[in-house]
Amino acid sequence: METNFFRFIKSMKIDGDLHIIIANGADDTLVVSTMVNNEKCTDTAKNRLAPLNLRGTAQQMDIGYLDTINQPMKEVSGLLSNMEAFAKQKAETQKKSAMATESADRDKKAIDAKEQKYIDGMKKADELEKAGKYREAWMSVPDPANYPDRIEILRNRREQLSARFAPDLFADTKTEEKPQEPTDSLYPEHQMEVVGEIEEFGKKEENE
């Protein structure tokens, strides 16, 4: 006897295993329990899905069983597939969320460390300034290039400090004035000759 039972089952394209349990019931009836099981679905909620139970005579089952289970089993199959897809998506989302949280934590730690470096640098600059060590204070001010949002603050702070030590840059390099030589010591031989000529000229005038 030829039937199309298995061809019909195959045409349903169930994603998973179709479990059919047939038991004899009262009054010459059959109790047929049908359910879909998808082992790929890891969501334990699938265990709460109840099978489809049908009761009827063998003749009734031959006539209406396949048509009756067709749509419900397809829906259960789709539900289990969606549950698995949802579980995978959820796991992926959690993984990305964990990675994002870890990345955010790293960024926060880096920002906190940078902020602490800024605070420490400014504090040290203040202490050195109070001690009169203006050059060291200037060097302790954080580099403005590393803090774009505080460039003006840091530049102004450095300018304030450089103004304190700039006038002393050449304090130890004063030039000494050389004493000028007496003018009467210049060209002594020439002066003596001139004086001699003046004396001879005076004698000549007295003789005349």
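**Entry 1: Asp15**

Does Asp15 count as buried, exposed or partly exposed? I looked this up before anything else, keeping in mind that the model is predicted. At 30% relative accessibility, Asp15 counts as partly exposed, because that value falls between the 20% and 50% limits. I found Asp15 in the loop between α1 and β1.

Next I listed what Asp15 touches, setting aside its neighbours within four places in sequence. The contacts are Val36, Asn38, Lys40, Ser77 and Ser81. I also checked Lys74: its C-alpha is 8.4 Å from that of Asp15, with the two positions 59 residues apart in sequence.

Of those contacts, I followed up Lys40. Its side chain meets that of Asp15 in a salt bridge, at 3.6 Å from N to O. The pair links distant parts of the chain, since Lys40 sits in the loop between β2 (30–37) and β3 (52–56), 25 residues from Asp15, whose own loop runs between α1 (5–11) and β1 (17–24). Lys40 counts as exposed, because its relative accessibility is 54% and the limit is 50%.

**Entry 2: the whole chain**

I stepped back for an overview. I counted 5 helices and 3 strands in the protein. Along the sequence they follow the pattern α-β-β-β-α-α-α-α. The protein has 208 residues, and buried ones make up 20% of them.

I then looked at how far along the sequence the contacts reach. Taking contacts between residues at least 6 apart, I found that 50% join residues at least 24 apart.

**Entry 3: more salt bridges**

How many salt bridges does the structure hold? I get 7, and I took a look at two more of them in detail.

One is Glu115 with Arg150, where the closest N and O atoms are 3.1 Å apart. This pair also links distant parts of the chain: Glu115 is in helix α2 (residues 58–130), while Arg150 is in the loop between α3 (134–140) and α4 (151–165), 35 residues away. I noted that Glu115 is partly exposed at 30% relative accessible area, whereas Arg150 is buried at 19%.

The other is Glu129 with Arg157, with closest N and O atoms 2.6 Å apart. Glu129 lies in helix α2 and Arg157 in helix α4, so this salt bridge ties together parts 28 residues apart in sequence. Here Glu129 is partly exposed, with a relative accessible area of 21%, and Arg157 is buried, at 10%. I also saw that salt bridges with shared partners join Asp126, Glu129 and Arg157 into one network.

**Entry 4: α2 against α4**

That network sent me to the two helices. How do the axes of α2 and α4 cross? They come within 12 Å and cross at roughly 20°. That makes α2 roughly parallel to α4, because angles under 35 degrees count as such. The crossing in which α2 passes α4 is left-handed.

I wrote down who meets whom. From α2 come Tyr118, Met122, Ala125, Asp126 and Glu129, and from α4 come Ile153, Leu154, Arg157, Leu161 and Arg164. By class, I make this contact 6 nonpolar and 4 charged residues, with no polar ones. Among the residues in this contact are Glu129 and Arg157, the partners of the 2.6 Å salt bridge in my previous entry.

Note on methods
Residues are numbered from 1 along each chain as its sequence is written. This is a predicted model: local features need pLDDT of at least 70, side-chain atom pairs count only at pLDDT 80 or more; totals for chains, interfaces and linings use all residues. Side-chain values use heavy atoms; hydrogens and water are left out. A salt bridge is a side-chain nitrogen of Lys or Arg within 4 Å of a carboxyl oxygen of Asp or Glu. Helices (H or I, at least four residues) and strands (E, at least two) are DSSP runs, numbered from the N terminus. Buried means under 20% relative accessible area, exposed over 50%, partly exposed in between (1.4 Å probe, protein chains only). Axes are lines fitted to C-alpha atoms, for helices over the stretch in contact, and angles run from 0 to 180 degrees between N-to-C directions. Angles under 35 degrees count as roughly parallel, over 145 as roughly antiparallel, 65 to 115 as roughly perpendicular and the rest as oblique. A crossing is left-handed if the near helix is turned anticlockwise from the far one by less than a right angle, and right-handed if clockwise. Contact means heavy atoms within 4.5 Å. Ala, Val, Leu, Ile, Met, Phe, Trp, Tyr, Cys and Pro count as nonpolar, Asp, Glu, Lys and Arg as charged, and the others, Gly among them, as polar.
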